[in-house]
2 protein chains.
Amino acid sequence: MGNAKSQLYPEYAIILAMKVKELGEFRLIDRLNKMIADAGINKTSPHLILGIGDDAAAWQGDSSIQLATVDTMVQDVHFTPDTTTWQEVGWKSLAINISDIAAMGGLPHYALVALALPEDTDVENVVELYKGMIEIAKEFKIAIAGGNISRAPQVSVTITVLGSSPDNRILKRSNAKAGDVIAVTGYAGSAAAGLVMLTKKLKLEVKAARYLRNAFLHPMPRIEEGRLLVKHGITTAIDTSDGLVADLRHICEASQVSAKVNIEQVPINDVVKANFREDARQMALGGGEDYELLFTGSLEAINKVKKEAKCPVTVIGEITRGEAGKISLFDANGKTLKIDYMGWTHF
Amino acid sequence: MGNAKSQLYPEYAIILAMKVKELGEFRLIDRLNKMIADAGINKTSPHLILGIGDDAAAWQGDSSIQLATVDTMVQDVHFTPDTTTWQEVGWKSLAINISDIAAMGGLPHYALVALALPEDTDVENVVELYKGMIEIAKEFKIAIAGGNISRAPQVSVTITVLGSSPDNRILKRSNAKAGDVIAVTGYAGSAAAGLVMLTKKLKLEVKAARYLRNAFLHPMPRIEEGRLLVKHGITTAIDTSDGLVADLRHICEASQVSAKVNIEQVPINDVVKANFREDARQMALGGGEDYELLFTGSLEAINKVKKEAKCPVTVIGEITRGEAGKISLFDANGKTLKIDYMGWTHF
């Protein structure tokens, strides 16, 4: 406040006087990106391809595009020890980063782990956490190449994953164009249903409970599917971490287009339908953390992906000309529905 | 507890039953490294050169060695808002990572910023934090290529810096050998003195206060000096983040050698000597966060570095055969001194 800039731009002074929760996560990120852009530091970086604003950063390496992403899981924000094992925390904290590399169509190679721990943490819990991380690192052939441990009032795990795109093509959020078909891998809303089951301590049938628990705590990043998208010429993708509608909005904002989604086509797992009935659709549209791939492209390319993918691939709508970031939902009768599924934000 | 492994190895069960503070930071890191080694995930990574245990991870890229490091600053652990401006937090949180790249003899290129914030954080504070980060990013031509923001009970900043070693040679902790001379850039203990000044709210003369504040809150990573070391064939270095003796011990443990340090030769800035008298030496040997380079090599090579470096370069001792990690301190009369300067650990 009171500096030269805030005097020149009164709206800037207003933002500075806000709390983070008043400004909101996405507007805060926009604000910080603008500072970086104004400073020109990224423009002078000769090999940078994508800075902030996609699933991962990307730059041109000597012979392939390099990818890097970082994500944090904080105790009592992203997980609670009474519903989550430490092994699951370890798995998921690495999985959500691998998923960002999947959303770029890349392969993950190295992980750096920054752990923050209270000093009275049981060593066994840290060992379990690493078990989960090592389990998924093995699955995806990732080396845990470095890290850092520091003291903090609660546990948090921040992981950086470095990867590459061997064929020098990446999936961006900003490539969608009017006429593209929108598709998604797997099911939407299963993670949200899993979270509700855990927090409300619902007693469900064993197989259903296992499916939902894994959907929320043991997501399987879609690396193979991301590679398939690149193979078949798809150029637009995001992973569904904030929620189907919210993540589609990220694509539409970055690509300066609108989208129409047929909510009857959004794939919802039978377990979710059977156990959450009228809430299932809201979970599918608004629930975050599925870590599926949401992508757009020609129907022809998407059909090729569908044919080769080991998981369901479902067409749910299309990209249209119009206001950047506008998402319209309609049902089987073509009736437009009101959107009150905003997805998950941090503030 | 109670699993197959703990029954086979009783000492493993004892470790599992400990709290993190009982095991200690370095033994915890050893334990986790052993898990990673046992799982074999890093061994199967074809290009990895250095995993956990040095200042940064290193792997062979297509035409140069790639470097990556991560470090966290947590509110009320690494900084307190009443003694530190947010701009200083931003500068330092990036500086400590750049320093790790300096200790490998590399150049920094990209930074990823993972920010954890309480929701009632003032936006102005976040903007100030970014100002500090952008300031040092500009200084070292680093692109802020990505990041993540999440909610947490207190502010923490975790930054990953990616760099490279253009001439395909890196400075390791494990290359020291008996007969090597030990040298250090700049001064030792200035950051510790700065911390004492700030926490005890000492009123010092303006220039002295500014020097000490900057030493603790505005460290200048020794990138240029790291490059000089590589140029002159030095192969062993670390940055002094834990403290001079503690960091020398890291080198000696990794290299399986001992070291002798002449405490009269340890360079202490006049400001520290004048204001902290009998405490100055303890600050210089035990105080962390100077982010200077501590390195070993032939006297000839070190003299070449000394001639070209823009900062003081001081010989403080030599590497000897003997117990791995044993550090002996002696004074001008050759009298050995007891070490009670352990340096800083997190638990």
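Q: Counting the C-beta neighbours inside 10 Å, is Asn168(A) buried or exposed?
A: The model is a predicted one, and in it Asn168(A) sits in the loop between strand E6 (156-165) and strand E7 (181-185) of chain A. A residue is called exposed if 12 or fewer other C-beta atoms lie within 10 Å of its own. Asn168(A) has 12 such neighbours, so the class to which it belongs is exposed.

Q: What is the phi of Asn168(A) near, given that the value is positive?
A: Asn168(A) is a residue other than glycine, and its phi is nevertheless a positive value. For this residue of the loop between E6 and E7 of chain A, phi is near 60 degrees.

Q: Which class of exposure does Lys141(B) have, with 14 C-beta neighbours inside 10 Å?
A: Lys141(B) is found in the loop between H6 and E5 of chain B, and its phi is positive, near 55 degrees. A residue would need 20 or more neighbours to be buried and 12 or fewer to be exposed, and whatever falls in between is partly exposed. Lys141(B) has 14 C-beta neighbours inside 10 Å, so it counts as partly exposed.

Q: How are helices H5(B) and H6(B) set to each other?
A: Helix H5 (residues 86-102) and helix H6 (residues 123-139) of chain B pack with their axes 6 Å apart, at an angle of about 45 degrees. Angles under 35 degrees would count as roughly parallel, and those from 65 to 115 as roughly perpendicular. The angle of about 45 degrees belongs to neither range, and the two helices are therefore oblique.

Q: How many residues of the contact of H5(B) with H6(B) are nonpolar?
A: The crossing of these two helices is right-handed. Among the residues that make the contact are Trp86(B), Trp91(B) and Leu94(B) of H5(B), and Leu129(B), Met133(B) and Ile136(B) of H6(B). By class, the contact contains 5 polar residues and 4 charged ones, while the number of nonpolar residues is 10.

Q: How is H5(A) oriented with respect to H9(A)?
A: In chain A, the axes of helix H5 (residues 86-102) and helix H9 (residues 223-231) come within 8 Å and cross at roughly 10 degrees. Since angles under 35 degrees fall in one class, this crossing makes H5(A), with respect to H9(A), roughly parallel.

Q: Which residues of H9(A) make the contact with H5(A)?
A: On the side of H5(A), the contact is made by Ile98(A), Ile101(A) and Ala102(A). The residues of the two sides together divide into 4 nonpolar, 1 polar and 1 charged. On the side of H9(A), the residues are Ile223(A), Glu225(A) and Gly226(A).

Q: What distance separates the C-alpha atoms of Glu224(A) and Val184(A)?
A: Glu224(A) lies in helix H9 of chain A and is partly exposed, with 15 other C-beta atoms within 10 Å. Val184(A) is 40 residues away from Glu224(A) along the chain, and their C-alpha atoms are separated by 14 Å.

Q: How many of the 10 residues of helix H7 of chain B are buried?
A: Helix H7 (residues 190-199) of chain B is mostly covered, and what covers its buried residues includes helix H8 (206-217) and helix H11 (270-286) of chain B. Those buried residues include Ala191(B), Leu195(B) and Met197(B). Of the 10 residues in the helix, the number that are buried is 7.

Q: How are H7(B) and H11(B) placed relative to each other?
A: The axes of H7(B) and H11(B) come within 10 Å and cross at roughly 115 degrees, and the crossing is right-handed. The contact joins Ser190(B), Ala192(B) and Ala193(B) of H7(B) to Val272(B), Phe276(B) and Met283(B) of H11(B). Angles from 65 to 115 degrees share one class, and the two helices are therefore roughly perpendicular.

Q: Which strand gives the largest share of the side of chain B that touches chain A?
A: In the contact between the two chains, 72 residues of chain B meet 72 residues of chain A. By class, the side of chain B has 42 nonpolar, 18 polar and 12 charged residues. The largest share of this side is 9 residues, and the element of chain B that supplies them is strand E5 (residues 143-151).

Terms used:
Residues are numbered from 1 along each chain as its sequence is written. Chains are lettered from A and ligands numbered from 1 in the order in which they are written. This is a predicted model: local features need pLDDT of at least 70, side-chain atom pairs count only at pLDDT 80 or more; totals for chains, interfaces and linings use all residues. Axes are lines fitted to C-alpha atoms, for helices over the stretch in contact, and angles run from 0 to 180 degrees between N-to-C directions. Helices (H or I, at least four residues) and strands (E, at least two) are DSSP runs, numbered from the N terminus. Angles under 35 degrees count as roughly parallel, over 145 as roughly antiparallel, 65 to 115 as roughly perpendicular and the rest as oblique. A crossing is left-handed if the near helix is turned anticlockwise from the far one by less than a right angle, and right-handed if clockwise. Two residues are in contact if their C-beta atoms, placed from the backbone, lie within 7 Å. Ala, Val, Leu, Ile, Met, Phe, Trp, Tyr, Cys and Pro count as nonpolar, Asp, Glu, Lys and Arg as charged, and the others, Gly among them, as polar.
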